[in-house]
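Biologist: I keep hearing words like "buried" and "salt bridge" and I'd love to see how they get decided. Can we go through a case together?

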Amino acid sequence: MTRGRFITLEGLEGAGKSTALARVREYLQRQGIDPVMTREPGGTPLGERIRALLLGQSEPPMAPATEALLMFAARSEHLDKRIRPALERGQWVVCDRFTDASYAYQGWGRGLGAERIAALEDWTQGALRPDLTLWLDVPVETGLARAAGRGEAPDRFEQERDGFFERVHEGYAALAERFPERIRRVDAGQPLEAVLTALEEALASAVTRWLSGTEAH
Ligand code: Z5A
């Protein structure tokens, strides 16, 4: 049995991932693929409990290392219970955020550095990496304004200031430069329909190559 494909979506808050995920699913379904849709942190009962710890308020503030380790604890459970079993059954998996978010938010944003994240990545995932990452690249101010416009109470991350989101953005840009084959940048500062069209083009180019069998795993 051929392993399924693993697609992740990344971006700052307000990048439009929620809408984009629906478009990814619709596109894949039109190709006859019914993907497993999931998210991080979360995706399993225990992972969702860890998510609540991570997004809820924490007093005194959660230490950056604790935050990174909780992200990877949730990820380990997610890989074990959902992601690997689905891929091994031949199903495709679409995940709202994955380890690139740990590099960007904990590695760059919190200043833990990429080396510590890489050590956790290797330990938790072994050789498993996404086949394709769609990075919705939105300017920091635009993303934060959109997120604020939803009128929901901000979570622990959304309350960050002092250049945190600029560092996270820098992290995503560095990752995209380092992994140009895997990470496809989509300009998410445009009007929604233009973002979704660009997203679908980036997705279609990868999916067409995979389905035509011109690119092995
Ligand atoms: N995190 C981490 O630190 N480390 C890790 O390893 C992982 C995660 C995995 C939860 O993630 C937090 O966990 C996250 C990073 C951290 N930090 N925060 N906050 P999440 O993905 O669940 O939460 P999120 O990033 O906050 O998601 P979001 O705010 O829901 O973002 P979004 O899905 O990209 O945005 P949206 O809801 O689709 O769009 C926001 C609003 O903008 C909405 O009203 C849209 O209608 C509107 N919108 C979207 N696109 C457009 C365009 N193009 N034009 C105009 N308006 C638009």
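Modeller: Sure, and keep in mind that this is a predicted model. Let's start with a cut-off: buried means under 20% relative accessible area, exposed means over 50%, and partly exposed is in between.

Biologist: Okay, so why is E121 called buried or exposed?

Modeller: E121 has a relative accessible area of 10%. Buried means under 20%, so E121 counts as buried.

Biologist: And what makes R129, the partner of E121 in a salt bridge, buried, exposed or partly exposed?

Modeller: R129 comes in at 27%. That value sits in between the 20% and 50% cut-offs, so R129 is partly exposed.

Biologist: How do you know that R129 and E121 form a salt bridge?

Modeller: A side-chain nitrogen of Arg has to be within 4 Å of a carboxyl oxygen of Glu. For R129 and E121 the N to O distance is 3.4 Å, so the pair fits the definition.

Biologist: What about R30 and E200?

Modeller: Their closest N and O atoms are 2.7 Å apart, and the limit is 4 Å, so that is a salt bridge too. R30 lies in helix α1 and E200 in helix α8, so the pair ties together parts that are 170 residues apart in sequence.

Biologist: Why is R30 called buried or exposed?

Modeller: R30 has 51%, and exposed means over 50%, so R30 is exposed.

Biologist: Which residues are joined with R30 into one network?

Modeller: Salt bridges that share partners link R30 with R23, E26, E193 and E200. The structure holds 20 salt bridges.

Methods:
Residues are numbered from 1 along each chain as its sequence is written. This is a predicted model: local features need pLDDT of at least 70, side-chain atom pairs count only at pLDDT 80 or more; totals for chains, interfaces and linings use all residues. Side-chain values use heavy atoms; hydrogens and water are left out. Helices (H or I, at least four residues) and strands (E, at least two) are DSSP runs, numbered from the N terminus. Buried means under 20% relative accessible area, exposed over 50%, partly exposed in between (1.4 Å probe, protein chains only).
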